[in-house]
Amino acid sequence: MSIEQPATRPANPRFSSGPCAKPPTFDLTKLADAALGRSHRAAVGKHKLKAAIEGTREVLGIPADYKIGIVPASDTGAVEMALWSLLGERKVEMLAWESFGSGWVTDVVKQLKIDAEVKTADYGQLVDLASVDFANDVVFTWNGTTSGVRVPNGDWIADDRQGLTICDATSAAFAMDLPWDKLDVTTFSWQKVLGGEAAHGMLILSPRAVERLESYTPAWPLPKIFRLTKGGKLIDGIFTGATINTPSMLAVEDYLFALDWARSVGGLQGLIARANANTGAVHAFCDQNDWIANLAEDAATQSNTSVCLKFTDTRIQDGATFAKAVAKRLEAENIALDIGAYRDAPAGLRIWCGGTVETSDIEAMLPWLAWAFEAEIAAQTKAA
Ligand SMILES: Cc1ncc(COP(=O)(O)O)c(C=O)c1O
């Protein structure tokens, strides 16, 4: 049986979960105003760095009394700075349900050697949020990028908590509502939802997080790249654009462009609506086809950015080989790039649905997914 290819192709086959697709209006000429070859401490550079900070505040609706810093080493750098600078003052609870959350557990337990209470869930599931004790510091990932499972909202976080909440929101910021009053430390990287460049991370601190930084000194040494305080006071410059070390002004310009694009589609609510429309198209496809399903079991926890899918057809002989072969077919046809499941995650596909992806591209890609599935089932039967 020959399986016919669909007639329509996506205009943009980029569905990677990071770096994510650039905004649809992007081209390199948009970065012509970058302050290249200039000191980042000159007025022009400082102005752009400040604009990146205040643009982030405006688009994400971050309260005026929260500090926003541009830090080295992307989201990883921002999370590490927070863990190393803040933890150890009280008991720590670590929540993890996929690869990135597990990575933070390793850091805290094996590197910082903190005797943390670790709560984990398998890929597709969420930890028991009702069991969290907010007398402790709590570290979690808002959206588990490698399992497509997110926390449904912030209602489970106590308003009167004594500990801090430290939230890795790298695949959530600009696609989901983040309740700032519940989050003491929030991090994300430019390369994710807005399709920016890698290199820099954002570190967002509540007044309570600043208070901890100014009243507590960890027992371990901190390299310069992690240091947020000097003489017991917050280094305020980091949060006004005087970065710890030299940033990429090209990446800064690109982020400023991405923020402008975000404003042009209606800001945060426009971005959320775009991500939801993309995810809705994928969900409808799963409903129509009984051979594919969302890895996230509970609909309330299903991500609207990193949508993870598993094949459920009983004819499939080797799940991992099959999923890889489907992804390879779609890549070879230039229909969908980089949609294989994350290396540590269960076999399947991961389709990025954040706002920089056009719904028309998702809709054009899905019939090709059905084509690749049928073609692979046929190939497998022939080989057997
Ligand atoms: C939840 C989460 N945390 C951390 C990271 C690491 O981000 P970066 O490589 O930008 O440091 C990623 C990247 O995919 C992620 O999805």
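In this predicted model, an oxygen atom of the ligand lies 2.5 Å from an N or O atom in the side chain of Ser74. Thr76 makes a similar approach: an N or O atom in its side chain is 2.5 Å from an oxygen atom of the ligand. A nitrogen atom of the ligand, in turn, has a polar side-chain atom of Asp168 at 2.6 Å. Each of these pairs falls within the 3.5 Å limit for a polar contact. The protein buries 86% of the 390 Å² that the ligand exposes when taken alone.

The surroundings of the ligand may be described next. The ligand sits in the largest pocket, and 13 residues are found around it. Ser74, Thr76, Thr145, Asp168 and Lys192 come nearest. By class, this shell has eight polar residues, three charged residues and two nonpolar residues.

Part of the shell can be traced to helices. Both α2, which spans 74-86, and α3, which spans 99-111, supply at least two residues of the shell around the ligand. The largest share belongs to α2, with three residues.

The loop between β1 (67-72) and α2 contains Ala73. This residue has a positive phi of about 70°, although it is not a glycine. A second backbone feature is found at Gly18 and Pro19, which are joined by a cis peptide bond with omega of about -10°. Pro19 is placed in the segment before α1, the helix that covers 43-60. Both kinds of feature depart from the general pattern, in which most residues other than glycine have a negative phi and most peptide bonds are trans.

The view may now be widened to the whole protein chain. Eight helices and 14 strands make up its assigned secondary structure elements. Along the principal axes, the C-alpha atoms fill a box of roughly 75 × 50 × 30 Å. What radius of gyration does the protein chain have, and how does this value stand against that of a compact globule? The protein chain has 22 Å, and a compact globule with 384 residues would have a radius of gyration near 21 Å, so the value agrees with that of a compact globule.

Definitions and conventions: Residues numbered from 1 in each chain as written. Predicted model: local features only at pLDDT ≥ 70, side-chain atom pairs only at ≥ 80, totals over all residues. Heavy atoms only, no water. Near = heavy atom within 4 Å. Polar contact = N/O pair within 3.5 Å; in protein donor to acceptor, adjacent residues only side chain to side chain. Areas by Shrake-Rupley, 256 points an atom, 1.4 Å probe, with all protein chains shown as cover. 1 Å grid on protein atoms, 1.4 Å probe; cavity = no way out; pocket = protein on both sides within 12 Å on 5 of 7 lines; lining within 4 Å. Sits in = over half its atoms within 2 Å of the grid points. Helix = DSSP H or I, 4+ residues; strand = E, 2+ residues; numbered from the N terminus. Nonpolar A, V, L, I, M, F, W, Y, C, P; charged D, E, K, R; others polar. Rg over C-alpha atoms; globule rule 2.2 N^0.38 Å.
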